[in-house]
Amino acid sequence: MTVGTMMIPTQLGIIPLYMLMIKLHWTGTLYAVIAPALVNAFGVFFMTQYLSRALPTELLEAARVDGCGNWRLFWHVVAPVARPAAAVLGMLTFMTAWNDYFWPLVVLTPDDPTVQVALSALASGYVQDFSLGLASTAVATLPLVLVFALLGKRIIGGIMQGAVKG
């Protein structure tokens, strides 16, 4: 069912999502851009698949026998196992939201656009300044590089953790 929702084009949900943002009074704010990007079908499917393979039920049962409650089980057993996948998902989600063009164009005002909408405005016009466009594109990639630099250590650590016998 979750995978089936990934086959529906995003453009079909624009009108109901815009109506929801009007009801929440979020049009023209960054909340309208950030909130819909936080949870998606890919993230649910990805984390479900990862945790079903990386977290054996025996480990959960052993923690329960040792007296772990739900919160302690989550914080001390599940969260450490899920960190590498959560870092990958966070990076992919940030990259998708950062590169989104259509939804910020619809929901935000022209006075305060996102980077991608502003880059599009720089590239349009009668006379194009290519040096300004290329420099602004280079600056626009810096947050992506920064997120990878912060989360890359966890991603590589998670990959290496599964590769070591012990």
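At what angle do helix α5 and helix α6 pack, and how far apart are their axes? Helix α5 covers residues 57–65 and helix α6 covers residues 70–99; the two pack at an angle of about 130°, and their axes are 11 Å apart. Please keep in mind that this is a predicted model. The points below walk through helix packing, the nonpolar cores and a handful of individual residues.

**Where α5 meets α6**

- The angle of about 130° makes α5 oblique to α6.
- As for handedness, α5 passes α6 in a right-handed crossing.
- On the α5 side, the residues that meet α6 are Leu59, Leu60, Ala63 and Arg64.
- On the α6 side, their partners are Asn70, Leu73, Val77 and Val78.
- Sorted by class, the residues of this contact between α5 and α6 are six nonpolar, one polar and one charged.

**Where α4 meets α6**

- Helix α4, residues 41–54, also packs with α6, at an angle of about 160° and with the axes 10 Å apart.
- That angle makes α4 roughly antiparallel to α6, because an angle over 145 degrees counts as roughly antiparallel.
- The crossing of α4 and α6 is right-handed.
- From α4, the residues that take part are Phe42, Gly43, Phe46, Met47, Tyr50, Leu51 and Ala54.
- From α6, they meet Val81, Ala82, Pro84, Ala85, Ala86, Val88, Leu89 and Leu92.
- By class, this contact of α4 with α6 holds 14 nonpolar residues, one polar residue and no charged ones.

**Where α8 meets α9**

- Further along the chain, α8 and helix α9 (residues 130–140) have axes that come within 10 Å and cross at roughly 170°.
- This makes α8 roughly antiparallel to α9.
- Val115, Leu119 and Leu122 are the α8 residues in this contact, and they meet Leu132, Ser136, Thr137 and Ala140 in α9.
- The contact of α8 with α9 has five nonpolar residues, two polar residues and no charged ones.

**The nonpolar cores**

- The largest nonpolar core has seven residues: Ile14, Met21, Ala32, Val33, Trp103, Val107 and Leu108.
- Two or more residues of this core come from each of α2 (14–23), α3 (31–38) and α7 (102–107).
- One core member, Ile14, touches Phe102, Trp103 and Val106, with residues up to four places away in sequence not counted.
- There is also a second, separate core of six residues, and Cys68, Leu73, Val77 and Val78 are among them.
- Three of those names may look familiar: Leu73, Val77 and Val78 also appear on the α6 side of the contact with α5.

**Residues in the loops**

- Met6 sits in the loop between α1 (2–5) and α2, and is partly exposed, with a relative accessible area of 40%.
- Leaving aside neighbours within four places in sequence, Met6 is in contact with Ala41 and Phe42; Phe42 is also one of the α4 residues that meet α6.
- Met6 and Arg83 are 77 residues apart along the chain, and their C-alpha atoms are separated by 24 Å.
- His25 belongs to the loop between α2 and α3 and counts as exposed, at 66% relative accessibility.
- The backbone of His25 has a phi near 60°, which is a positive value in a residue other than glycine.
- Leu30 also has its place in the loop between α2 and α3; Leu30 is exposed, with a relative accessible area of 52%.
- Leu30 and Pro9 lie 21 residues apart along the chain, with 23 Å between their C-alpha atoms.
- Thr114 is found in the loop between α7 and α8 (115–123).
- Is Thr114 buried or exposed? Thr114 is buried, because its relative accessible area is 16% and buried means under 20%.
- Setting aside neighbours within four places in sequence, Thr114 is in contact with Asp100, Pro104 and Leu108; Leu108 is also a member of the largest nonpolar core.

**A residue in α10**

- Leu150 lies in helix α10, which covers residues 142–163.
- With a relative accessible area of 61%, Leu150 is exposed.
- The C-alpha atoms of Leu150 and Ala87 are separated by 9.4 Å, while 63 residues lie along the chain from one to the other.

Key
Residues numbered from 1 in each chain as written. Predicted model: local features only at pLDDT ≥ 70, side-chain atom pairs only at ≥ 80, totals over all residues. Heavy atoms only, no water. Core = buried A, V, L, I, M, F, W, Y, C linked by side-chain atoms within 4.5 Å. Buried < 20%, exposed > 50% of the residue type's maximum accessible area, 1.4 Å probe, protein only. Helix = DSSP H or I, 4+ residues; strand = E, 2+ residues; numbered from the N terminus. Contact = heavy atoms within 4.5 Å. Axes fitted to C-alpha atoms, helices over the stretch in contact; angles between N-to-C directions. Parallel < 35°, antiparallel > 145°, perpendicular 65-115°, else oblique. Left-handed = near helix turned anticlockwise from the far one by under 90°. Nonpolar A, V, L, I, M, F, W, Y, C, P; charged D, E, K, R; others polar.
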